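Trainee: I'd like to learn how to read a fold piece by piece. Could you walk me through this one?

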Amino acid sequence: MKIHEYQAKALFRKYNVPVPEGGVAFSSAEAEKKAGALGKFPVVVKAQIHAGGRGKGGGVKLARSTEEVGRLAEEILGMTLVTHQTGPEGRLVRKILVEQGLNIVKELYLSILPDRATAAHVIMASEAGGMDIEAVAAETPEKIIRVHVDPLLGIQPYHCRKVAFGLNIPAPAMTSFVRLLAGLYKMFADYDCSLVEINPLVLTAEDRVIALDAKVDVDGNALYRHKDIMEYRDQDEEDPLELEASKYNLNYINLGGSGNIGNMVNGAGLAMATMDIIKLAGAEPANFLDVGGGADAEMVENGFRIIRSDPNVKGILINIFGGILRCDVLAEGVVQAARKTGLNVPVVVRMEGTNVEEGRRILAESGLSLITATDLKDAAEKIAEIAGIHSTI
């Protein structure tokens, strides 16, 4: 689960990670009040959305007076902010962060994330702060420092010193940097984070190290342990279809873009393979939907309805291997959903496994125009036909 910058900084404060003074505002009047409470200019007005690249999109501005804060707040609040992470549709800005300006000498990059290849946590850092880390990794990978931490042992002083020396932290700021990194790692571990990122982490003229930005992602599987983080959830920032799917315990991801084939699958691995099949056929998957092994007819119905809610979907591929989710249960759910919502797009059903013959009988006797596929190749060809292209399989 993603949280906003101002929420991430609230967590940082709990772990003694220095952040600029400031507060969130939902109106220009409130923004002016927050700026006045800081008592010093310039201040920074920052759009709060779940995406990076806000500065390049016009969502981060410097203000040198209370009046300018109000004007900039009026401009940013309510704007549709488009960045490289939002896609062309952008995100509506509903809140802003007003923070003190800092006397910045140097911008750094710092993050912590799991490294599945080594079964460890990795601290990534770079002197190329303020830039897209993906660009730095692609163009100048030698500028990135990686320090692995055994999660069973936790962060040690030598880890912190190695990162500090790699970033050329000056001696007067060394102690504060080590304290910051240790606190950041503890927060990362305590809250089961999948990512903690500061870009930029700044070194000021006063030899202070401060998190100018903050990005925190918490592992959704661990949220039951962190009720306080659940309060940070901003449903306005979530895809409406993904939000709807979460109500029914469905694993749904809207892929957006040019996707035109919706797919419903049981099992994440099969879902990935199904999306590959759709692409190999020359079409584009519109979503990832895993109904899970223990799905019932009602869950299948809800999944079918959610896929159909996407106006870009021109056809649906249902690919089920019947194990815990029997083929007859799947078929009943599909028929039930199709009768309730109607079939306004072609639906290809490929199923194998437990009670497959019964499942096929239910589909055949439903009276609905459902297209049955015998195997994955047959399903791909039928999907290609729906998409109006020649299958490349």
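**Reading the sheet, the helices and the pockets**

Mentor: Sure, let's start with one strand pair: β2 (residues 43-47) and β6 (residues 96-100) run antiparallel and are joined by five bridges. Keep in mind throughout that this is a predicted model.

Trainee: What holds strands of a sheet together in general?

Mentor: Backbone hydrogen bonds do the pairing, and the strands can be parallel or antiparallel. Here, to pick one position, V44 stands opposite E99 in β6.

Trainee: What is the strand order in the open sheet?

Mentor: Reading across, the order is β1-β6-β2-β3, four strands with antiparallel pairing. At the edges you find β1 (22-25) and β3 (60-63), each of which pairs on one side only. From one strand to the next, the twist averages 20°.

Trainee: Which strands does helix α1 lie across?

Mentor: Helix α1 (residues 5-14) lies across β1, β2 and β6, and it runs at about 50° to β6.

Trainee: How should I read the buried side of a helix?

Mentor: An α-helix has 3.6 residues a turn, so residues three or four places apart point the same way. Now try that on α3.

Trainee: Which residues of helix α3 are buried?

Mentor: In α3 (residues 66-76), they are V69, G70, L72, A73 and I76. The cover over those buried residues includes α2 (28-38) along with β2, β3 and β6. Look just past α3 as well, where G78 takes a positive phi of about 90°.

Trainee: Let's try a single residue. Is Y109 buried or exposed?

Mentor: Y109 sits in strand β7. Its relative accessible area is 2%, so Y109 counts as buried, the cut-off being under 20%.

Trainee: Which residues does Y109 touch?

Mentor: Leaving out residues up to four places away in sequence, Y109 touches M124, A125, S126, A128, G129, I133, E197, I198 and N199. Take G129 from that list: it is 20 residues from Y109 along the chain, yet their C-alpha atoms are separated by 4.3 Å.

Trainee: And pockets? Which residues lie closest to the centre of the largest pocket?

Mentor: For any pocket, I'd ask about volume, then centre, then lining. The largest pocket has a volume of about 1,300 Å³. Its lining has 33 residues, with E238, D239, E242, Y252 and I253 closest to the centre. Among the elements, α8 (240-246), β13 (251-254) and β15 (287-290) each supply at least two lining residues. By class, that lining has 11 nonpolar, 11 polar and 11 charged residues.

Trainee: How many residues line the second largest pocket?

Mentor: There are 47, and those nearest the centre are G53, R54, N199, P200 and D213. N199 should ring a bell, as Y109 touches N199. This pocket holds about 1,100 Å³ of space. Its lining draws at least two residues from each of β2, β3, β6, β7 (104-115), α4 (133-139), β10 (193-204) and β12 (215-218). By class, you get 21 nonpolar, 13 polar and 13 charged residues.

Trainee: Let's zoom out. How many helices and strands does the protein chain have?

Mentor: It comes to 13 helices and 18 strands. Along the principal axes, the C-alpha atoms fill a box of roughly 75 × 50 × 40 Å. Of the 393 residues in the chain, 49% are buried. For contacts with a separation of 6 or more, 67% are between residues 24 or more positions apart.

Terms used: Residues are numbered from 1 along each chain as its sequence is written. This is a predicted model: local features need pLDDT of at least 70, side-chain atom pairs count only at pLDDT 80 or more; totals for chains, interfaces and linings use all residues. Side-chain values use heavy atoms; hydrogens and water are left out. Two strands pair if DSSP finds at least two bridges between them. Axes are lines fitted to C-alpha atoms, for helices over the stretch in contact, and angles run from 0 to 180 degrees between N-to-C directions. Contact means heavy atoms within 4.5 Å. Buried means under 20% relative accessible area, exposed over 50%, partly exposed in between (1.4 Å probe, protein chains only). On a 1 Å grid over the protein atoms alone, a cavity is a set of points where a 1.4 Å probe fits but cannot get out, and a pocket is an open set with protein on both sides within 12 Å along at least five of seven lines; lining residues have an atom within 4 Å of a point. Grid points are joined across faces, edges and corners, and a volume is the space filled by probe spheres set on the points. Ala, Val, Leu, Ile, Met, Phe, Trp, Tyr, Cys and Pro count as nonpolar, Asp, Glu, Lys and Arg as charged, and the others, Gly among them, as polar.
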